[in-house]
Amino acid sequence: MIKRLLPAFVLLALMFGPAYEAAQQKQLDVPYVPTKFPVVDEMLRIAKIDKADIVYDLGCGDGRLVIGAAQKYGARGVGFDIDPERIQECKENAAKAGVTNRVQFFEQDLFTADFHEATAMTIYLLTSVNLKLRPKLLRELRPGTRLVSHNFGMGEWKADESSEVMVDDISHEVYLWVIPANISGAWSWTMGRPANKCEMNVTQAFQVPAGTLKVDNAATEIKDLTLKGDKVRFVIERPFEAKLIPMVFEGKAAGQTIIGTIKFQAGGKEFSWEWKAGRNPATEKPIDAEAGRTSSFVLK
Ligand SMILES: C[S@@+](CC[C@H](N)C(=O)[O-])C[C@H]1O[C@@H](n2cnc3c(N)ncnc32)[C@H](O)[C@@H]1O
């Protein structure tokens with residue numbers, strides 16, 4: 001609670017103060033401050049880690065998040081840290097925890113790390129570093145990948161979920177994002193017999209899409225358009241025997257297609273049609289409205 005009342009620079013000095021000088025000497029983007037274990041537990045919980053996951057930690061410190069994911073959930077994990085001392089600790093800690101067959105650690109700058117294999121990612125960096133990293137995260141992580149950050153946000157990209165953990169009277173925020181597919185642009189499909197021609201235009205800011213639709217050139221309201229990872233869902237209403245009936249569209253976005261179903265009830269019967277929408281690739285737009293923005297707090 002106190003945390004919220006303090007200006008950002010006082011907060012950073014309090015949290016990272018003792019490690020700040022060491023960080024400057026080692027040319028780190030973020031000083032080494034390990035995440036407390038109750039917060040580690042919450043980060044892994046909110047990300048719903050399970051044994052199928054490959055968990056990456058960028059700036060992995062002593063490896064506690066990756067090792068925790070392997071030990072507690074049987075996941076596999078990869079950690080990157082630019083500081084060789086940390087990587088040495090990671091390897092020793094993995095051996096002590098008996099998980100060396102499930103985890104790997106690399107001495108590498110997080111900005112050049114290859115993490116496209118991740119199904120979940122943890123970070124404890126700084127907002128300025130998160131913002132610099134954000135375009136790479138959105139570009140390289142697959143839709144549906146869970147990203148969890150300790151204490152620091154992603155600017156305009158608001159978290160999908162968050163929680164708070166109190167440790168020794170200090171509150172720690174935990175933020176979760178699900179990497180969204182990019183569904184921006186002009187989509188079209190046909191449905192029914194005789195075929196109705198549908199044209200949908202989507203604009204998207206991070207995980208939040210907004211859309212307009214024309215069915216046979218008539219404007220048709222899109223209700224409750226949502227995107228979670230690569231899963232798209234919305235409802236439209238269509239006339240049937242002097243009534244409006246809801247049609248539920250659910251599909252999975254992959255590249256220039258969305259494939260799924262259109263479900264509705266009419267005349268006492270349930271219908272489930274195949275739905276296949278295609279996008280004009282030239283109409284896809286970046287979803288990171290703030291790309292390139294940097295914060296005023298930079299360590300090096
Ligand atoms: C705040 S600590 C977090 C450690 C660990 N993730 C945790 O939560 O316990 C940040 C870590 O990032 C590492 N680091 C700083 N700049 C880095 C960079 N450019 N590339 C990779 N690691 C970096 C530091 O050495 C430090 O271990």
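Trainee: What makes the pair formed by T35 and an oxygen atom of the ligand a polar contact?

Mentor: The model is a predicted one. In it, a polar side-chain atom of T35 lies 2.5 Å from an oxygen atom of the ligand. A polar contact needs N or O atoms within 3.5 Å, so this pair qualifies.

Trainee: What puts D29 and L110 in polar contact with the ligand?

Mentor: An N or O atom in the side chain of D29 is 2.7 Å from a nitrogen atom of the ligand. For L110 the atom belongs to the backbone, and it lies 2.9 Å from a nitrogen atom of the ligand. Both values are within 3.5 Å, so both pairs count. On its own the ligand has 600 Å² of accessible area, and the protein covers 100% of that.

Trainee: Which residues around the ligand come nearest?

Mentor: D29, T35, G59, D81 and L110, out of 22 residues around the ligand. The space that the ligand takes is the largest cavity.

Trainee: Why is W177 called buried?

Mentor: W177 has a relative accessible area of 1%. Buried means under 20%, so the word applies to W177. W177 belongs to strand β7, residues 170–178.

Trainee: How do you know that W177 and K158 meet through a polar contact?

Mentor: The side chain of W177 reaches the backbone oxygen of K158 at 3.3 Å. That is within 3.5 Å, so the pair is a polar contact. The two residues are 19 apart along the chain, and their C-alpha atoms are separated by 7.9 Å. Leaving out residues up to four places away in sequence, W177 touches residues including R146, F152, W157, K158 and D160.

Trainee: What makes N130 buried rather than exposed?

Mentor: The relative accessible area of N130 is 0%. With the limit for buried at under 20%, N130 is therefore buried. N130 is in helix α6, residues 127–140. A polar atom of the side chain of N130 lies 3.2 Å from the backbone oxygen of F152. F152 is also among the residues that N130 touches, as are I123, L125 and S149, with residues up to four places away in sequence left out.

Trainee: Why does S163 count as buried?

Mentor: S163 has a relative accessible area of 17%. That value is under 20%, so S163 is buried. S163 sits in strand β6.

Trainee: What joins S163 and E42?

Mentor: Their side chains form a polar contact of 2.5 Å. Setting aside residues up to four places away in sequence, S163 touches E42, I46, H172, E173 and V174. Both E42 and I46 are buried residues of helix α3.

Trainee: Which elements do the buried residues of α3 pack against?

Mentor: Helix α4 and strands β4, β5, β6 and β7. The buried residues of α3 are V39, V40, E42, M43, L44 and I46. Just after α3, K48 takes a positive phi of about 55 degrees.

Trainee: How many helices and strands are there in the chain, and what share of the residues count as buried?

Mentor: The chain has six helices and 16 strands. Of its 300 residues, 47% count as buried. The accessible surface of the chain comes to about 15,500 Å², and carbon and sulfur atoms hold 54% of that.

Key: Residues are numbered from 1 along each chain as its sequence is written. This is a predicted model: local features need pLDDT of at least 70, side-chain atom pairs count only at pLDDT 80 or more; totals for chains, interfaces and linings use all residues. Side-chain values use heavy atoms; hydrogens and water are left out. Helices (H or I, at least four residues) and strands (E, at least two) are DSSP runs, numbered from the N terminus. Buried means under 20% relative accessible area, exposed over 50%, partly exposed in between (1.4 Å probe, protein chains only). Accessible areas come from the Shrake-Rupley method with a 1.4 Å probe; for residues, only the protein chains shown count as cover. A residue is near a molecule or strand if one of its heavy atoms lies within 4 Å of it. A polar contact is a pair of N or O atoms within 3.5 Å; within protein, one must be able to donate a hydrogen and the other to accept it, and residues adjacent in sequence count only if both atoms are side-chain atoms. On a 1 Å grid over the protein atoms alone, a cavity is a set of points where a 1.4 Å probe fits but cannot get out, and a pocket is an open set with protein on both sides within 12 Å along at least five of seven lines; lining residues have an atom within 4 Å of a point. A molecule sits in a cavity or pocket if more than half of its atoms lie within 2 Å of its grid points. Contact means heavy atoms within 4.5 Å.
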